[in-house]
Amino acid sequence: MRVAVFSTKNYDRAFLEVANKGYGHELVFFEPRITPETVKLAQGFPAICVFVNDLLHAAIIETLAGYGVRLIALRSAGFNNVDLAAAQEHGVTVVRVPAYSPHSVAEHTVALLLDVNRKIHRAYARVREGNFSLEGLLGFEVRERTVGIIGTGKIGAAVAEIMLGFGCNVIAYDIRPNPVCLEMGVQYMALPKLFAGADIISLHSPLTPETYHLINAEAIAQMKTGVTLINTSRGALVDTLAVIDGLKSGKIGHLALDVYEEEADLFFEDLSDRVLQDDVFARLLTFPNVIITGHQAFFTREALWTISDITLANIAEFERTGASVNEVTLEKMVA
Ligand code: NAD
């Protein structure tokens with residue numbers, strides 16, 4: 001199938017080209033993400049392939065449908081960036097990669113926890129400058145701490161498994177408790193109880209209307225003083241202004257983020273020569289107890305290979321049958 005591939009970086013292209021030897025699609029790579037200005041690049045293509053910060057709202061989907069686009073292939077598990085109702089209305093099929101490597105994201109989550117706790121990034125910079133002082137580097141033992149996991153699907157369960165291995169007590173909240181987690185000894189409870197009991201809180205639920213700003217001022221008020229908060233899921237799970245207040249008051253002891261609500265204008269680009277326009281993000285960067293990575297939790301060889309292979313298989317299946325097992329529909333999402 002002829003596919004316009006948006007938001008393409010060198011690494012996407014490298015993995016997709018190798019995987020495509022088994023499929024033979026005609027892939028045309030475009031570096032920009034889809035915006036009202038760049039959507040015209042999709043003219044003449046029956047399929048487009050996009051990533052997490054390609055914002056496919058109703059107007060863009062209408063334009064795409066007008067160009068004859070029949071398939072949107074997401075190179076991601078999350079699909080909060082696509083207006084599914086608009087896609088359905090215009091007869092455009094949306095497919096995703098439901099699981100590529102939950103362990104990639106889970107391992108990065110734990111890397112962030114250990115880094116923000118033991119201040120590895122600060123120690124690295126100090127040692128390179130010949131500063132061997134330990135002032136300000138004091139951490140805590142993770143063993144025997146209570147870790148609260150919100151959303152125990154594939155990634156949350158992988159985080160639970162690792163944290164149990166660290167000797168932690170793992171508690172969780174999910175609208176659908178995962179039998180695998182119950183089997184591991186994870187204790188499910190209501191959110192207020194999780195907020196009150198957890199030393200470390202890690203977010204792994206998808207972004208939906210119900211989870212939007214799940215971590216807000218009211219939630220933070222219920223947490224332990226000095227709590228460590230980690231978000232590797234989607235930025236808008238967190239009300240960033242409320243979190244900044246929590247950091248200023250000391251209620252939040254450590255914050256580790258791989259995602260940010262307004263990341264679409266920042267992440268995946270080298271902006272080091274530009275003046276940062278996002279004052280909220282700039283404030284986050286001033287805290288010594290905050291670490292931020294730019295949506296890289298998924299970024300392993302294993303994940304990139306699987307993303308490429310499943311995306312191309314989804315496209316091939318759609319071309320052959322007009323449908324895909326990995327189709328995302330409104331009905332499937334509420335089922
Ligand atoms: P999953 O579908 O396997 O699990 C999601 C879990 O969240 C499910 O158990 C579901 O029941 C639960 N959930 C849904 N609504 C909820 C609610 N209102 N409250 C609590 N729990 C709720 O998904 P996954 O593969 O584990 O991925 C989780 C999220 O991680 C994705 O939605 C995506 O946003 C994010 N993600 C981030 C990266 C990254 O690189 N940072 C990579 C992949 C995925």
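This is a short tour of selected places in the structure, stop by stop.

The model is predicted: local features need pLDDT of at least 70, side-chain atom pairs count only at pLDDT 80 or more, and totals for chains, interfaces and linings use all residues. Residues are numbered from 1 along each chain as its sequence is written, and side-chain values use heavy atoms, with hydrogens and water left out.

**Stop 1: Thr 8**

Select Thr 8, in the loop between β1 (2-5) and α1. Helices (H or I, at least four residues) and strands (E, at least two) are DSSP runs, numbered from the N terminus. Thr 8 has 6% relative accessibility and therefore counts as buried. Buried means under 20% relative accessible area, exposed means over 50%, and partly exposed is in between (1.4 Å probe, protein chains only). Now show the contacts of Thr 8, leaving aside neighbours within four places in sequence: Arg 13, Phe 29, Phe 30, Glu 31 and Arg 75. Contact means heavy atoms within 4.5 Å. Add Pro 32, which is 24 residues from Thr 8 in sequence and 7.2 Å from Thr 8 in space, C-alpha to C-alpha.

**Stop 2: α1 and α12**

Next select α1 (residues 10-19) and α12 (301-321). Two packed helices are described by the angle between their axes and the distance between the axes. The axes of α1 and α12 come within 9 Å and cross at roughly 55°. Axes are lines fitted to C-alpha atoms, for helices over the stretch in contact, and angles run from 0 to 180 degrees between N-to-C directions. The two helices, α1 and α12, are therefore oblique to each other. Angles under 35 degrees count as roughly parallel, over 145 as roughly antiparallel, 65 to 115 as roughly perpendicular and the rest as oblique. The crossing of α1 and α12 is right-handed; a crossing is left-handed if the near helix is turned anticlockwise from the far one by less than a right angle, and right-handed if clockwise.

On the α1 side, show Tyr 11, Phe 15, Leu 16, Val 18 and Ala 19; they meet Arg 301, Leu 304, Trp 305, Ser 308, Asp 309 and Leu 312 in α12. The contact of α1 with α12 has 8 nonpolar, 1 polar and 2 charged residues. Ala, Val, Leu, Ile, Met, Phe, Trp, Tyr, Cys and Pro count as nonpolar, Asp, Glu, Lys and Arg as charged, and the others, Gly among them, as polar.

**Stop 3: aromatic rings**

Rings of Phe, Tyr and Trp (its six-membered ring) pair if their centres lie within 6.5 Å; planes under 30 degrees apart count as stacked, over 60 as edge-to-face and the rest as tilted. By this rule there are 8 aromatic pairs. Keep Tyr 11 and add Phe 299: the ring centres are 4.6 Å apart and the planes are at 70°, so the pair is edge-to-face. Tyr 11 and Phe 299 are 288 residues apart, with Phe 299 in the loop between β12 (290-292) and α12. Tyr 11 is partly exposed at 27% relative accessibility, and Phe 299 is partly exposed at 38%.

Move to Tyr 260 and Phe 281, a tilted pair with 4.9 Å centre to centre and 55° between the planes. Tyr 260 is in the loop between β11 (252-257) and α11 (279-284), and Phe 281 is in α11, 21 residues apart. Both Tyr 260 and Phe 281 are buried.

Which residues do ring pairs link into a cluster? Select Tyr 11, Phe 51, Phe 268, Phe 298 and Phe 299 to see it.

**Stop 4: α4 and α6**

Select α4 (residues 102-118) and α6 (residues 154-165), whose axes come within 8 Å and cross at roughly 50°. This crossing of α4 and α6 is right-handed. Residues of α4 in the contact include Pro 102, Val 105, Val 110 and Leu 113, and those of α6 include Ile 155, Ala 158 and Ile 162. The contact of α4 with α6 divides into 10 nonpolar, 2 polar and 2 charged residues.

**Stop 5: positive phi**

Most residues other than glycine have a negative phi. Select Lys 119, where phi is positive, near 55°, in the loop between α4 and α5 (120-128). Lys 119 counts as buried, at 9% relative accessibility. Then go to Glu 144, with phi near 70°, in the loop between α5 and β6 (146-150). Glu 144 is exposed, with a relative accessible area of 60%.
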